[in-house]
Amino acid sequence: MRVIVPPIKSQGIKTKLVPWIQALVPAISGRWIEPFLGTGVVAFNSGFRKALLTDINPHVIRFYQGIKDGEITPRRVRDYLQKEGEQLEKAPNHGYSHFHAVRDRFNTAYDPLDFLFLSRAGFNGMMRFNRNGEWNIPFCQKPKRFSQAYITKIVNQVHDVSCLIQPAWIFRVDSFENTIREAGTDDIIYCDPPYIGRYVDYYSGWTKEDEQKLFELLSRTPAQFILSTWHHNDFRANPFIESLWSKFNIITRDHFYHSGGKIENRKSIVEALVFNFDANIEKHNYGVRPKPEQLMLFEERAEYITQQLDRAVI
Ligand SMILES: C[S@@+](CC[C@H](N)C(=O)[O-])C[C@H]1O[C@@H](n2cnc3c(N)ncnc32)[C@H](O)[C@@H]1O
């Protein structure tokens, strides 16, 4: 499966887990509902024609709504990044002056293109906002960040995403509670909430009460759901697996992530998918063998994504 990578970056991005998640999605006729959209990488690779995509972070929603409305186009992104990239390269203090100028402009006017700039010129592809809701990731220290090749890569990502966003996709700033309550029998909900204690910021605080609330809502929903969470790491187990989620089906898989630029910060974690439908899995296991019809559907959706991308030209 070719995974479509979105133009926005964040430390919690699920790019590497997309094929695993998508292979589990059951055959349903309704909407893809994603209450913790983040960068959108899982939704963009879902192949669904109808979707409800929400997040409490208004910047990601505004950015994708801008693409849907045709206000943010690949051409506009190229022109913008070329202009800002040149200014970054020439700016005093090894680019810092211009990075700070864009950051301050964003923190006042919230322009989605400035959000894209900060996401791609910030340290290590991270996204974080301080207690006042202001951008809080430092410069990647590369004044020549926006080379032609890098701009083209980002422009192509904007293009891919603009091909995949459908008229029946709704983007909205909302809480997970409101979004999950809207789901009906024919829908699939994919949840990727913040993991407690990891990368806390203005939009990503997560408490035991939030986890409990999420559990109650997902226990009551008439829809099918898949929840991403962590199962255990080298030091401890996720207590909510035992206390809450074990009443559902769970599959797990090893995953490596970087919590910083250095190789020694590469940590392993066992990721889990919790779900409330039958996937032919007898007990908790490592790995997944989806049913043949799930795989066929997966291929059908992947084919649909390819068609959408082929139809469009930049
Ligand atoms: C782990 S990230 C999702 C990452 C996403 N799956 C990806 O691959 O990019 C969690 C997201 O949940 C959002 N969020 C945090 N608390 C929320 C809440 N109470 N309601 C809705 N969204 C929330 C955050 O803004 C963040 O974008």
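Where is I8 found? I8 sits in the segment before α1. The legends below start from this residue and move through a predicted model.

**Figure 1. I8, a buried residue in the segment before α1.**
I8 has 26 other C-beta atoms within 10 Å. A residue counts as buried at 20 or more, so I8 is buried. Leave aside residues up to four places away in sequence. I8 then touches T39, V60, F63, L116 and S119. I196 is 188 residues from I8 along the chain. The C-alpha atoms of I8 and I196 are separated by 23 Å.

**Figure 2. P6, also found in the segment before α1.**
Is P6 buried or exposed? P6 is buried, because 25 other C-beta atoms lie within 10 Å. V41 is 35 residues from P6 in sequence. In space, P6 and V41 are 5.9 Å apart, C-alpha to C-alpha. Leave out the neighbours of P6 within four places in sequence. P6 is then in contact with T39, G40, V41, F44, Q157 and V161. T39 appears in the contact list of P6 and in that of I8.

**Figure 3. The surroundings of the ligand.**
How many residues surround the ligand? There are 20. The closest are G12, K14, F36, G38 and T39. T39 is also a contact of I8. By class, the shell holds 10 nonpolar residues, 7 polar residues and 3 charged residues.

**Figure 4. Helix α3 and its packing partners.**
Helix α3 covers residues 58-68. Which of its residues are buried? They are H59, V60, I61, F63, Y64, Q65 and I67. Two of these names, V60 and F63, also occur among the contacts of I8. The buried residues of α3 pack against two strands, β2 (51-55) and β3 (169-173). They also pack against two helices, α6 (112-121) and α7 (148-164). G70 comes just after α3 and takes a positive phi of about 80°.

**Figure 5. The contact between domain 1 and domain 2.**
Domain 1 takes in residues 15-69 + 167-311. Domain 2 takes in residues 74-161. The C-alpha centres of domain 1 and domain 2 lie 28 Å apart. Across the contact, 13 residues of domain 1 meet 14 residues of domain 2. On the side of domain 1 that touches domain 2, α3 gives the most, with 5 residues. By class, that side of domain 1 has 7 nonpolar, 4 polar and 2 charged residues.

**Figure 6. The largest nonpolar core.**
In soluble globular proteins, nonpolar side chains tend to be buried together. Here the largest nonpolar core has 69 residues. Which residues have the most contacts inside it? They are I188, I189, F225, I226 and L273. Helix α7 supplies the largest share of this core, 6 residues. Domain 1 and domain 2 both give residues to the core, so it lies between them. Take F225 as a close-up. Beyond its neighbours within four places in sequence, F225 is in contact with I188, I189, C191, L218, F275 and N276.

**Figure 7. N93 and Y110, two loop residues with positive phi.**
Most residues other than glycine have a negative phi. N93 is not a glycine, yet its phi is near 60°. N93 lies in the loop between α4 (74-90) and α5 (96-109). Is N93 buried or exposed? N93 counts as exposed, because it has 11 C-beta neighbours inside 10 Å. Y110 is not a glycine either, and its phi is positive, about 55°. Y110 is found in the loop between α5 and α6. With 14 other C-beta atoms within 10 Å, Y110 is partly exposed.

**Figure 8. The whole protein, for context.**
The secondary structure comes to 11 helices and 8 strands. The radius of gyration is 20 Å, close to the 20 Å that the globule rule gives for 314 residues, so the protein is as compact as a globular protein of that length. Along its principal axes, the C-alpha trace spans about 60 × 45 × 35 Å. Of the 314 residues, 38% count as buried. Now take the contacts with a separation of 6 or more. Residues 24 or more positions apart account for 71% of these contacts.

Notes
Residues are numbered from 1 along each chain as its sequence is written. This is a predicted model: local features need pLDDT of at least 70, side-chain atom pairs count only at pLDDT 80 or more; totals for chains, interfaces and linings use all residues. A residue is buried if 20 or more other C-beta atoms lie within 10 Å of its own, exposed if 12 or fewer, and partly exposed in between; C-beta atoms are placed from the backbone. Helices (H or I, at least four residues) and strands (E, at least two) are DSSP runs, numbered from the N terminus. Two residues are in contact if their C-beta atoms, placed from the backbone, lie within 7 Å. A nonpolar core is a set of buried Ala, Val, Leu, Ile, Met, Phe, Trp, Tyr and Cys residues joined through C-beta atoms within 7 Å. Domain bounds come from an automatic or database domain assignment. The radius of gyration is taken over C-alpha atoms; the globule rule is 2.2 Å times the number of residues to the power 0.38. A residue is near a molecule or strand if its C-beta atom, placed from the backbone, lies within 6 Å of it. Ala, Val, Leu, Ile, Met, Phe, Trp, Tyr, Cys and Pro count as nonpolar, Asp, Glu, Lys and Arg as charged, and the others, Gly among them, as polar.
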